[in-house]
Each structure stands twice: as structure tokens, then as C-alpha cells.
Amino acid sequence: MKYECPCGYVYDPEIGDPDSGIAPGTAWEDIPDDWTCPVCGLDKDSFTEV
């Protein structure tokens, strides 16, 4: 499952977000609640499943 921010950024668990310290293979549920979109800064609650 992937998760999309309203800005268009898609979080893919297989890729993670290494620039923000989120390793590849990190499930959405395992990302800290204070993580934000690396593109626009919105919080996790702004993302939708895609």
C-alpha cells in the first residue's frame, strides 16, 4: 500500500524516505507520528491510501 499527500508526493514503503531517516521497508504504521511530507511539510494525517 502506498500513501499520497495532497501535494502529489507518494510514500512507498519499499523506498522509504531515507532523506528523513525513514529506511526502505518501513511500514506506514511504523513511521513516527511527527514525520511530515518531505515536499510540502504536511503531517501524516493529510495522506490518503492509494
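**Entry 1: Cys37**

I began with Cys37, which I found in the loop between β2 (10-11) and β3 (48-49). I note at the outset that the model is predicted. I then looked up whether Cys37 is buried or exposed. Cys37 has a relative accessible area of 3%; buried means under 20%, so I recorded Cys37 as buried. For its contacts I set aside residues up to four places away in sequence, and I listed Cys5, Cys7, Tyr9, Leu42 and Phe47.

**Entry 2: Cys40**

I turned next to Cys40, which is also placed in the loop between β2 and β3. Its relative accessible area is 39%, and I entered Cys40 as partly exposed. Without counting neighbours within four places in sequence, I found Cys40 in contact with Cys5 and Cys7. Cys5 and Cys7 had already appeared among the residues that Cys37 touches.

**Entry 3: the annotated site**

I consulted the UniProt record on these cysteines. Which residues does its "binding site" annotation cover? The entry, which is unreviewed, gives Cys5, Cys7, Cys37 and Cys40. I noted that these four span 36 residues in sequence, yet no two of their C-alpha atoms are more than 8.9 Å apart, so they gather at one spot.

**Entry 4: the sheet**

I then examined the strands. In what order do the three strands lie in the sheet? I read the order as β2-β1-β3, in an open sheet with antiparallel pairing. The edge strands are β2 and β3, each of which pairs on one side only. I reminded myself that strands of a sheet pair through backbone hydrogen bonds, in either a parallel or an antiparallel sense.

I followed one pairing in detail. Strand β1 comprises residues 3-4 and pairs with β3 over two bridges, in the antiparallel sense. Within this part of the structure I located Tyr3, which stands opposite Glu49 in β3.

**Entry 5: Gly25**

My last subject was Gly25, which lies in the loop between β2 and β3. I had placed Cys37 in that loop in my opening entry. The relative accessibility of Gly25 is 61%; exposed means over 50%, and Gly25 therefore counts as exposed. Leaving aside neighbours within four places in sequence, I found Gly25 in contact with Pro13 and Glu14.

How far apart are Gly25 and Asp45 in space? I recorded 20 Å from C-alpha to C-alpha, for a separation of 20 residues in sequence.

Note on methods: Residues numbered from 1 in each chain as written. Predicted model: local features only at pLDDT ≥ 70, side-chain atom pairs only at ≥ 80, totals over all residues. Heavy atoms only, no water. UniProt positions renumbered as here; feature names shortened; annotations may be inferred. Helix = DSSP H or I, 4+ residues; strand = E, 2+ residues; numbered from the N terminus. Buried < 20%, exposed > 50% of the residue type's maximum accessible area, 1.4 Å probe, protein only. Contact = heavy atoms within 4.5 Å. Pairing = 2+ DSSP bridges.
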